[in-house]
Amino acid sequence: DRHDYLSLDSSWWPDSGKSDGLPYVRRIGAPNPAAKETEFSDAERLRHFADAMETLGLVWYYQREEIYATKGAEFLRAWFLDETTRMNPHLKYAQSVPGVHSGQEEGILEGRHFIRVMQAALWLITSEAWTDGDHAALQDWFRAYLNWLETSPQGRDERNANSNHGSWYDTQTAAVALFVGETERARDILNRLRTRWAIQFLPNGDQPFEQSRADSLHDSVFNLLAHLTAAQLGRHTGLDLWGDPASPMESALRRVLPSLSGREPWPHRQERDLDSDYVLHL
């Protein structure tokens with residue numbers, strides 16, 4: 001229904017030979033721009049929402065000007081709490097392909113933006129605009145979302161992915177568990193993420209699953225960002241993922257930074273320009 005999150009798989013296009021365009025057909029290397037238009041997809045809407053919340057939360061945290069907290073609280077209530085506008089707590093219809101399937105496990109990756117939204121909500125707790133009741137209701141929403149992540153077929157499939165999808169699934173799920181006060185659960189999830197190190201990284205910092213892809217530098221950085229984010233989360237659970245002797249994060253950073261800085265060419269495929277946001281996060 002209108003409260004369900006919906007996004008489109010950008011690899012699929014309407015069939016020009018059909019009056020209704022259905023079923024969509026796959027076009028490799030030609031992203032469908034409709035997947036980034038808010039008229040057709042919630043993916044960009046969620047990203048913009050997270051950007052706004054991160055900015056409003058930071059400005060409130062450092063400047064203590066209530067107008068920013070008030071706007072942030074307004075956005076949070078609209079997305080999660082207001083019965084007329086709230087999102088249902090699942091991503092069942094993310095990365096859908098009209099006429100083919102209604103959603104797929106890869107769409108859970110889009111929920112990583114909720115990590116920034118939850119952080120902003122934590123900053124707003126100290127404002128008058130965001131009440132204890134608001135925050136408790138938001139935690140209830142994320143409890144329901146966490147249950148969907150861990151019990152739905154899509155969630156189980158994404159958890160089993162060996163690529164950056166599995167890394168971001170663990171990182172996102174751990175962040176939600178922390179947000180709702182389940183620290184032990186978050187620690188267990190982060191320990192599961194730690195078991196991915198031997199699968200995803202070589203001793204020299206290479207990431208075979210990511211380097212086999214068309215945009216391998218992008219995907220290597222993207223996967224590494226999931227692990228770096230998880231290391232930050234681990235600090236709140238008593239886990240030192242960065243300082244763990246088995247941690248691959250330093251070697252992985254050393255592997256990508258020379259190419260990100262332009263000092264050395266990247267020796268694998270990278271067919272599109274790297275998104276500067278990923279570089280800035282490193």
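User: Why is the pairing of Asp51 with Arg116 called a salt bridge?

Analyst: The term requires a side-chain nitrogen of Lys or Arg within 4 Å of a carboxyl oxygen of Asp or Glu, and in Asp51 and Arg116 the closest N and O atoms are 2.7 Å apart, so the pair meets the rule. This is a predicted model, in which local features need pLDDT of at least 70 and side-chain atom pairs count only at pLDDT 80 or more, whereas totals for chains, interfaces and linings use all residues. Residues are numbered from 1 along each chain as its sequence is written, and side-chain values use heavy atoms, with hydrogens and water left out. By the same rule, the count comes to 19 salt bridges.

User: What makes Asp51 and Arg116 a link between distant parts of the chain?

Analyst: Asp51 lies in helix α1 and Arg116 in helix α3, and the two are 65 residues apart. Helices here are DSSP runs (H or I, at least four residues), as are strands (E, at least two), and both are numbered from the N terminus.

User: How do you know whether Asp51 and Arg116 are buried or exposed?

Analyst: Buried means under 20% relative accessible area, exposed means over 50%, and partly exposed lies in between (1.4 Å probe, protein chains only). Arg116, with a relative accessible area of 19%, is therefore buried, whereas Asp51, at 30%, is partly exposed.

User: Why are Arg47 and Glu44 separated by about one helical turn?

Analyst: They are separated in this way because they are three residues apart in helix α1. Their closest N and O atoms are 2.8 Å apart, and the two form a salt bridge. Glu44 has 14% relative accessibility and therefore counts as buried, while Arg47, at 25%, counts as partly exposed.

User: How does the salt bridge of Glu74 and Lys71 sit in its helix?

Analyst: The side chains of Glu74 and Lys71 meet at 3.2 Å, N to O, and because the two residues are three apart in helix α2, about one helical turn separates them. Glu74, with a relative accessible area of 40%, is partly exposed, and Lys71, at 33%, also counts as partly exposed. Elsewhere, salt bridges that share partners join Glu44, Arg47, Asp51, Glu54 and Arg116 into one network.

User: What makes α3 a mostly covered helix?

Analyst: Nine of its eleven residues are buried, among them Phe114, Val117, Trp123 and Leu124. The cover over the buried residues of α3 includes α1, α2, α4, α6 and α10.

User: Which residues touch the most other members of the largest nonpolar core?

Analyst: A nonpolar core is a set of buried Ala, Val, Leu, Ile, Met, Phe, Trp, Tyr and Cys residues joined through side-chain atoms within 4.5 Å. The largest such core has 67 residues, of which Leu76, Phe80, Phe114, Phe142 and Tyr145 touch the most other members. Elements giving two or more residues to this core include α2 (66–81), α4 (132–151) and α10 (216–234), and the largest share, ten residues, comes from α10. Taking contact as heavy atoms within 4.5 Å, and leaving aside neighbours within four places in sequence, Phe80 is in contact with residues including Phe49, Phe114, Val117 and Phe142.

User: How do you know whether His3 is buried or exposed?

Analyst: His3 has a relative accessible area of 18%, and therefore falls on the buried side. Placed in the segment before β1 (6–8), His3 touches Glu83, Thr84, Thr85, Arg86, Met87 and Asn88, not counting residues up to four places away in sequence.

User: Why does the length of helix α11 agree with what is expected?

Analyst: The expected span is 1.5 Å times one less than the number of residues, so the twelve residues of α11 (residues 249–260) should span 16 Å, and the end C-alpha atoms are indeed 16 Å apart. Within α11, the buried residues include Met249, Leu253 and Val256, whereas Leu257, with a relative accessible area of 36%, is partly exposed. The helix is followed by Gly262, whose phi is positive, near 85°.

User: What makes the nonpolar surface patch, and how does Leu58 qualify for its level of exposure?

Analyst: Patches are made of residues with over 30% relative accessible area and no salt bridge, with like charges joined within 9 Å and nonpolar side chains (Val, Leu, Ile, Met, Phe, Trp, Tyr) within 5 Å. Leu58, Tyr61 and Tyr62 make one of about 330 Å², with areas taken from the Shrake-Rupley method with a 1.4 Å probe, and for residues only the protein chains shown counting as cover. Leu58 lies in helix α1 (residues 43–63) and, at 33% relative accessibility, counts as partly exposed.
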